[in-house]
Amino acid sequence: MSGERLKQAVGSAAGRIDSLAVEDAIRGRQSIRAYLEKPVPRDVITRVLATAGRAPSGSNIQPWKVWVVEGKPLAELTAEILATYDTSGEGTREYNYYPVTWREPYLARRRACGWGLYSTMGITREDKAGMHAQRRQNFNFFGAPMGLVFTIDRDMETGSWLDCGMFIQTVMIACRQFGLETCPQAAFANFQEIIRRRFAIPDGEMVICGMAIGYPDPAAKVNSFRTEREPVENYVRFVE
Ligand SMILES: Cc1cc2nc3c(=O)[nH]c(=O)nc-3n(C[C@H](O)[C@H](O)[C@H](O)COP(=O)(O)O)c2cc1C
């Protein structure tokens, strides 16, 4: 998209919902893992990303970068990643997303999330093939018509990763204004070599994560899965 067309898209995006309160936009977000075939208009995603660009960052350095993929390049990317996943399994991430050694309370929360998703899909603990097939859906962007890949310059420090997290969350919330839903996907960081080659991402950038974006399939069982949260008093202390 040319600079002028990008500018126009930021000013006008169709399908906007005007009545979404901030609290509803945040509380109503959930990771969506099945989508309708309906494409995401370019002016809408451009507007969403421009809105997310208003996210704060330390000293306003705005360290985030986003790669948008749809149509043929998306189909080619997912075909290569799926073929690699099927033959060689998962690759490795360039950064540790999770603790190297799991401990409570995080382990129990992680298990509740994983088993919750699998049981929604009727996948039992013995059904390794079922789990594999569900996990595999990641690499197809869960059937979403559009995927995002977030990158960061390798020489950025931890603070910039914090900034990118804020940007990524803002993308997810801003999407909801247009009836779009998302699933952030660290799974894609395991295939960063393929992504970097296909998108011609400079060597100086690292893949943080991917994200599926699209209109949710209301009939899909997987989308009925809701995750729990700790009650607020478990993670907040008022200092007296
Ligand atoms: C940075 C990040 C990476 C994630 N990566 C994946 C992923 O690779 N695959 C997936 O299915 N879900 C992924 N998730 C979704 C989480 O599992 C989900 O946010 C969490 O279980 C809470 O559920 P909710 O998003 O529905 O509220 C990721 C979430 C975040 C924030």
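## Exercises on strands, pockets and a ligand site

Strand 2 and strand 4 pair in the antiparallel sense over eight bridges; two strands count as paired if DSSP finds at least two bridges between them. The model is predicted, so local features need pLDDT of at least 70 and side-chain atom pairs count only at pLDDT 80 or more, while totals for chains, interfaces and linings use all residues. Residues are numbered from 1 along each chain as its sequence is written, and side-chain values use heavy atoms, with hydrogens and water left out.

### Exercise 1. Strand 4 and its partners

Task: describe how strand 4 pairs with strand 3, and state which residues stand opposite each other.

Solution.

1. Locate the elements. Strand 3 covers 181-185 and strand 4 covers 205-214. Strands (E, at least two residues) and helices (H or I, at least four) are DSSP runs, numbered from the N terminus.
2. Find the pairing. Strand 3 runs antiparallel to strand 4, with five bridges.
3. Read off opposite residues. Glutamate 181 faces glycine 214 of strand 4, and threonine 182 faces isoleucine 213. In addition, glycine 147 stands opposite alanine 212 in strand 4.
4. Check the burial. Buried means under 20% relative accessible area, exposed over 50%, and partly exposed in between (1.4 Å probe, protein chains only). In strand 4, ten of ten residues are buried; in strand 3, four of five are.

### Exercise 2. The two largest pockets

Task: give the volume and the lining of the largest pocket, then do the same for the second largest pocket.

Solution.

1. Fix the term. On a 1 Å grid over the protein atoms alone, a pocket is an open set of points with protein on both sides within 12 Å along at least five of seven lines, whereas a cavity is a set where a 1.4 Å probe fits but cannot get out; lining residues have an atom within 4 Å of a point. Grid points are joined across faces, edges and corners, and the volume is the space filled by probe spheres set on the points.
2. Take the largest pocket. Its volume is about 2,300 Å³. The lining has 47 residues, and Arg33, Tyr97, Tyr98, Cys113 and Thr227 lie nearest the centre.
3. Assign the lining to elements. Helix 5 (106-120) is among the elements that supply at least two residues, and helix 5 gives the largest share, twelve residues.
4. Sort the lining by type. Ala, Val, Leu, Ile, Met, Phe, Trp, Tyr, Cys and Pro count as nonpolar, Asp, Glu, Lys and Arg as charged, and the others, Gly among them, as polar. The largest pocket then has 26 nonpolar, nine polar and twelve charged lining residues.
5. Repeat for the second largest pocket. Its volume is about 240 Å³, and 13 residues line it, with Ala25, Thr51, Ile173, Ala174 and Gln177 nearest the centre. Helix 2, helix 3 (42-52) and helix 7 each give two or more of these residues. The lining of the second largest pocket has eight nonpolar, three polar and two charged residues.

### Exercise 3. The ligand site

Task: list the closest residues around the ligand and give the polar contact made by serine 31.

Solution.

1. Count the neighbours. A residue is near a molecule if one of its heavy atoms lies within 4 Å of it. The ligand has 15 such residues around it, the closest being Ser31, Arg33, Asn138, Ala186 and Arg229.
2. Apply the contact limit. For the ligand, a polar contact is a pair of N or O atoms within 3.5 Å.
3. Read the side-chain distances. A polar side-chain atom of serine 31 is 2.6 Å from a ligand oxygen atom. For asparagine 138, a polar side-chain atom is 2.9 Å from a ligand nitrogen atom.
4. Add the backbone. A polar backbone atom of alanine 186 lies 2.8 Å from a nitrogen atom of the ligand.

### Exercise 4. Backbone exceptions

Task: find where asparagine 60, phenylalanine 142 and proline 105 lie, and describe their backbone.

Solution.

1. Start from the rule. Most residues other than glycine have a negative phi, and most peptide bonds are trans.
2. Examine asparagine 60. Its phi is positive, about 55 degrees, and asparagine 60 lies in the loop between helix 3 and strand 1 (65-70).
3. Examine phenylalanine 142. Its phi is also positive, about 55 degrees. Phenylalanine 142 sits in the loop between helix 6 and strand 2 (146-153) and is buried, at 4% relative accessible area.
4. Examine proline 105. A cis peptide bond joins glutamate 104 to proline 105, with omega about 10 degrees. Proline 105 belongs to the loop between helix 4 and helix 5.

Note on methods:
Polar contact = N/O pair within 3.5 Å; in protein donor to acceptor, adjacent residues only side chain to side chain.
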